[in-house]
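Colleague: I should like to request a close look at a single part of this model. Please begin with the terms a first-year student would need, and then explain how that part is placed among its neighbours.

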Amino acid sequence: MEAFPLPRLAMDAADPTAAPLPHRPHASRPAPERERLLTRALLDLASPEDREPAAHAASLIEYVRLLGGEPAPDAVAVLAGRPPVAAGSGPRAELLRELEERLGEGPVRDTLAGAAAAEVPLDDAAAVRWPRFAVRARELGVLLVSTVPLAEVAYEEGPGAADGAQPRLPLGALVLYSDVATPQLSDRSAPVAALAGAAALHLRHRRTRDHARQLEQALRSRIVIEQAKGVLAERFGCPTDGAFTELRRYARAHQRNLHDLARSVVDGTAPPPFRKAAH
């Protein structure tokens with residue numbers, strides 16, 4: 001997993017002249033100002049523009065610290081992927097995430113595996129759920145853990161959708177660590193859930209865009225291969241299937257990329273077995 005980046009607040013792309021948001025919310029911040037901050041945060045987190053995953057995770061953490069209420073919780077955001085990308089709000093959050101990795105149990109792992117949002121006091125019940133993690137977290141002063149999945153965007157299923165289909169795993173996890181045992185997510189639920197939803201929307205858009213790019217690249221590669229098959233079939237008077245078989249055999253034998261080999265046939269720079277004989 002990538003190392004924790006230092007939290008860095010993303011600026012509002014729609015207003016490049018806007019002043020940086022403060023690091024911590026003031027307890028007496030007027031409601032209209034909080035609403036403006038939340039609006040900026042949602043627009044930023046949901047933006048379809050390309051962004052490094054580490055920067056996106058760090059922005060989510062910073063907005064949670066700004067808008068998640070007082071006292072501001074320690075937090076970890078983990079974006080699912082290979083490898084996953086994590087960002088934390090400080091040394092304790094980083095240590096807790098490292099503990100999960102080392103112990104093989106904890107709130108981030110459960111959330112990424114599909115567990116629902118929850119508030120878990122680190123009492124005896126949590127000790128049963130995460131026996132080793134709960135003990136170590138309490139030693140670090142954590143009394144309450146709140147989990148929020150970065151859930152897949154739900155699209156309406158058609159009438160033919162199979163009953164009992166497996167739900168999609170979340171695109172990431174947001175975990176808040178609190179120093180007080182009294183459940184607090186209800187007080188934070190509106191902004192925190194909105195921030196998590198906006199972050200998930202960006203991730204869903206990114207995944208869809210990456211998939212579309214892969215399909216486009218595969219289509220272009222297929223077109224070039226079909227062109228090469230036609231060129232070789234005409235050049236050597238053989239069926240197109242036979243031309244493709246020879247093209248693939250040569251690529252494997254010489255450790256050549258099939259698409260690149262096909263491109264060389266089309267543009268006339270192919271190796272001798274496929275090159276047009278000089279007259």
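Modeller: Two strands are said to pair if DSSP finds at least two bridges between them. Strands (E, at least two residues) and helices (H or I, at least four residues) are themselves DSSP runs, numbered from the N terminus. This is a predicted model, in which local features need pLDDT of at least 70 and side-chain atom pairs count only at pLDDT 80 or more, while totals for chains, interfaces and linings use all residues. Residues are numbered from 1 along each chain as its sequence is written, and side-chain values use heavy atoms, with hydrogens and water left out.

The part chosen is strand β1, which spans residues 74–79. As background, the chain holds nine helices and five strands, and its elements run α-α-β-β-α-α-β-α-α-β-β-α-α-α from the N terminus on.

Strand β1 has two partners. One is strand β2 (residues 85–88), which runs antiparallel to β1 and is joined to it by four bridges. Within this pair, A77 stands opposite A87 in β2. The two strands form a hairpin, with five residues between them. P83 has its place in that loop between β1 and β2, and the peptide bond that joins R82 and P83 is cis, with omega about 0 degrees. This deserves a remark, for most peptide bonds are trans.

The other partner is strand β5 (residues 172–178), also antiparallel to β1 and joined to it by six bridges. Here V78 stands opposite A173 in β5.

Is β1 mostly covered or mostly open? Six of its six residues are buried, where buried means under 20% relative accessible area, exposed means over 50%, and partly exposed lies in between (1.4 Å probe, protein chains only). In a regular strand the side chains alternate between the two faces of the sheet. In β1 both faces are covered: D74, V76 and V78 are buried on one side, and A75, A77 and L79 on the other. For the chain as a whole, buried residues make up 40% of the 279 residues.

What lies around β1? One neighbour to follow is helix α3 (residues 91–103), because contact means heavy atoms within 4.5 Å and what covers the buried residues of α3 includes β1, β2, α4 (107–112), α6 (131–139) and β5. Helix α3 has 13 residues and reaches 18 Å from its first C-alpha to its last, close to the 18 Å expected; the expected span is 1.5 Å times one less than the number of residues. Its buried residues are R92, A93, L96, R97, L99, E100 and L103. Seen down the axis of α3, these fall within an arc of 155 degrees, so they line one face of the helix; the arc is that of the directions from the helix axis to the C-beta atoms. P91 and R102 are exposed on the other side of α3. After the helix comes G104, whose phi is positive, near 75 degrees.

Strand β1 also contributes to a nonpolar core, which is a set of buried Ala, Val, Leu, Ile, Met, Phe, Trp, Tyr and Cys residues joined through side-chain atoms within 4.5 Å. The largest such core has 27 residues, of which L60, L150, L174 and L195 touch the most other members. The elements that give two or more residues to this core are α1 (31–46), α2 (53–67), β1, β4 (144–150), β5 and α7 (185–236). Helix α2 gives the most, with eight residues. L195 shows how such a member is surrounded: leaving aside residues up to four places away in sequence, L195 touches L38, A41, L42, L45, L60, Y63, V64 and L67. A second, separate core of 18 residues includes A86, L96, L122 and A134. In soluble globular proteins, nonpolar side chains tend to be buried together.

To summarise, β1 pairs with β5 through six bridges and with β2 through four. Both of its faces are covered, and β1 gives two or more residues to the largest nonpolar core.
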